[in-house]
Amino acid sequence: GHPEYLSASFTRIFGWTLAEVGDDFTGFVPESEVQRTNAIIAALIENGTPCQGFETQRYTKTGQLLDISLSASRYNDHRGKPTGMLVVLRDISARKRLEGQLQHADRMEAIGTLAGGIAHDFNNLLMGIQGNASLCLLDTDANSPAFEKLKNIETYVCSGVDLTKQLLGFARGGKYEIRPTDLNEIIREENRMFGRAKKEITLQAEYEENIWTVDVDRGQIKQVLLNLYVNAWQAMPGGGRIFVRTRNTHLDTEFTRSFEARPGKYIALTVTDTGVGMDAETRQKIFNPFFTTKEMGRGPGLGLASAYGILKNHDGILDVTS
């Protein structure tokens, strides 16, 4: 419990020097990790049981929480009595982040396959209902009580078709009308329309001057923008600001591999809002179909899911920070 040496790497990563630490490491170990850590240290001191690659977390001096791998061994004096221990910490935050992103990509791929199959089957059922309702309408007088009910069936079927379209968007249902496009132009159009509809929201934009041309389905990209704007608007019930930015960028292999995308030239489109934000648990679920933080009846929870699917289908990436 009395540290005698801290390496320069420790100070670089965690911020503390030996003089600053003294004998007090309590601010270094998160409360949730104290019990597990104490058990390992106790086994090490009492029984000499070494620890190898124990994955845990530690705070830096600035309060950042890092994922670390901890290895420790006890050393004895010439009489065999324990006199100290050597502890090695390795920062594995980048590895854990990469693992999490790859697991998320695999999970979304599996959900997308499932959603696509369900959407196609559900669409076939809806078409059967639509066909039968239409045939019944042909033989039903407009003044009949059944006529209005049959028209209602057709309306509900149309709502169901809209849902399946969004599901198919998430499930990579296909790019329908690809052509070379100036992304800035699409954003300007969408900003004008959304700005007129939502007066309580201020829309600001910063455009890349010589933006590269992209091959996209214009309608689908407009749908992505609308879904992002609506999501931002709903996070700002008292009004707020949405800031949109475009820029040309090159993404390297190190960045793209965790998203299962190709390295190369991309356009980065950033949509930022001044809303209430979200916690880490919500961030992990927001692209899942039918996940929503809104009360019942405020939407099916497909907006961000379909945006994710559309951009993946365009060989792009959709990521979130909060």
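Me: What helices and strands does the protein have, and what counts as one?
Reply: There are 10 helices and eight strands in the protein. Helices (H or I, at least four residues) and strands (E, at least two) are DSSP runs, numbered from the N terminus. This is a predicted model, where local features need pLDDT of at least 70, side-chain atom pairs count only at pLDDT 80 or more, and totals for chains, interfaces and linings use all residues. Residues are numbered from 1 along each chain as its sequence is written, and side-chain values use heavy atoms, leaving out hydrogens and water.

Me: How do you know whether the protein is spread out or a compact globule?
Reply: Look at the radius of gyration, taken over C-alpha atoms; the globule rule is 2.2 Å times the number of residues to the power 0.38. That rule gives 20 Å for 322 residues, but the protein has 28 Å, well over that, so it's more spread out than a compact globule. Its C-alpha trace spans about 105 × 45 × 40 Å along the principal axes.

Me: Why is Lys199 called exposed?
Reply: Buried means under 20% relative accessible area, exposed over 50%, and partly exposed in between (1.4 Å probe, protein chains only). Lys199 has 67%, so it is exposed. You'll find Lys199 in the loop between helix 6 (183–197) and strand 5 (201–206).

Me: And what makes Ile118 partly exposed?
Reply: Its relative accessibility is 46%, which falls in between those two cut-offs, so Ile118 counts as partly exposed. Ile118 sits in helix 4 (residues 93–138).

Me: What share of the residues is buried?
Reply: Buried residues make up 33% of the 322 in the protein.
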